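Q: Could you walk me through how to read a structure like this one? I'd like to take it feature by feature.

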Amino acid sequence: MLAKHRLALDSKGMQVTSPHHPLIWQADRERTARILDNLISNAIAYGEDGGRLIIRLAQQRDWLTLDVANSGEPIAEADREHLFKAFYQGSARRKGPLKGSGIGLSIAADCARLQQGDLALAADTELPVCFRLTLPWVEPAADDNEASGPAGTLTHDARTTT
């Protein structure tokens, strides 16, 4: 997913830090990719030029926790309770020529819930904005054509870049 956003990250001069070890996780590939795509693109759009993007992974028993945190303006207190509502656009505006519709975080949160997971704004000691995705382990389906979508293995092996 970071490779997809490499041009925008380089253009913005953002330093990316992500785990150096692979973590294999069974989850819905399409829904999880949609969540990560939204979180990374938001970090780029709302983060500061020359800022930082940190991705953290942790596994606790049958749960995966994935944080996407970035430097920049903190999310206003008044916006926090509305962030995941469809079409809500907070007081902060995207930087650059493209403007958002306010639907991305709503869809991302729905994708997490459809996997019995959660997407939330989290407190972070290092950076002012941090979204936390938690997903349960999904047993591989005997039939990949189930209504819930195909499960895939999330493998992460990225490095710190500037």
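A: Let's begin with accessibility: a residue is buried under 20% relative accessible area, exposed over 50% and partly exposed in between (1.4 Å probe, protein chains only). This is a predicted model, so local features need pLDDT of at least 70 and side-chain atom pairs count only at pLDDT 80 or more, while totals for chains, interfaces and linings use all residues. Residues are numbered from 1 along each chain as its sequence is written, and side-chain values use heavy atoms, with hydrogens and water left out.

Q: Let's try that on a residue, then. Is Arg61 buried or exposed?
A: Arg61 has a relative accessible area of 78%, so it counts as exposed. Look for Arg61 in the loop between β3 and β4; such names come from DSSP runs, with helices (H or I) of at least four residues and strands (E) of at least two, numbered from the N terminus. Its backbone is worth a glance too: Arg61 has a positive phi of about 50°, yet it is not a glycine.

Q: And what about Gln116, buried or exposed?
A: Gln116 comes out exposed, with a relative accessible area of 60%. You'll find Gln116 in the loop between α4 and β5. Gln116 isn't a glycine either, and its phi is positive, at about 60°.

Q: Now the sheet. In what order do the five strands come?
A: Strands pair if DSSP finds at least two bridges between them. Here five strands make an open sheet, and reading across you get β1-β3-β4-β6-β5, with mixed pairing. The edge places go to β1 (15-17) and β5 (118-121); each has a single partner strand, so one side of each has no neighbour in the sheet. From one strand to the next, the twist averages 15°.

Q: How many bridges join β1 to β3?
A: Three bridges do, and β1 and β3 (residues 52-60) run parallel. To see the pairing by residue, find Thr17, which stands opposite Ile54 in β3.

Q: Which strands does α2 lie across?
A: Two terms come first: contact means heavy atoms within 4.5 Å, and axes are lines fitted to C-alpha atoms (for helices over the stretch in contact), with angles from 0 to 180 degrees between N-to-C directions. Helix α2 (residues 29-46) lies across β3, β4 (63-70), β5 and β6, at about 20° to β4. Helix α4 lies across β5 and β6, and runs at about 135° to β5.

Q: At what angle do α2 and α4 cross?
A: Their axes cross at roughly 145° and come within 9 Å. Among the residues making this contact are Ile35 and Leu39 of α2, along with Leu105 and Ala108 of α4.

Q: Last topic: how many aromatic pairs are there?
A: Rings of Phe, Tyr and Trp (its six-membered ring) pair if their centres lie within 6.5 Å; planes under 30 degrees apart are stacked, over 60 edge-to-face and the rest tilted. That rule gives two pairs. The rings of Trp25 and Trp137 have centres 5.2 Å apart and planes at 85°, so this pair is edge-to-face. Trp25 is in β2 (residues 25-28) and Trp137 in the loop between β6 (129-136) and β7 (151-154), 112 residues apart. Trp25 is buried at 0%, whereas Trp137 is partly exposed at 31%.

Q: And which residues form the other pair?
A: Phe84 and Phe131 do: their centres are 6.1 Å apart and their planes at 90°, so they are edge-to-face. Phe84 sits in the loop between α3 (77-80) and α4 (104-113) and Phe131 in β6, so the pair ties together parts 47 residues apart in sequence. Phe84 is partly exposed, at 23%, and Phe131 is buried, at 7%.
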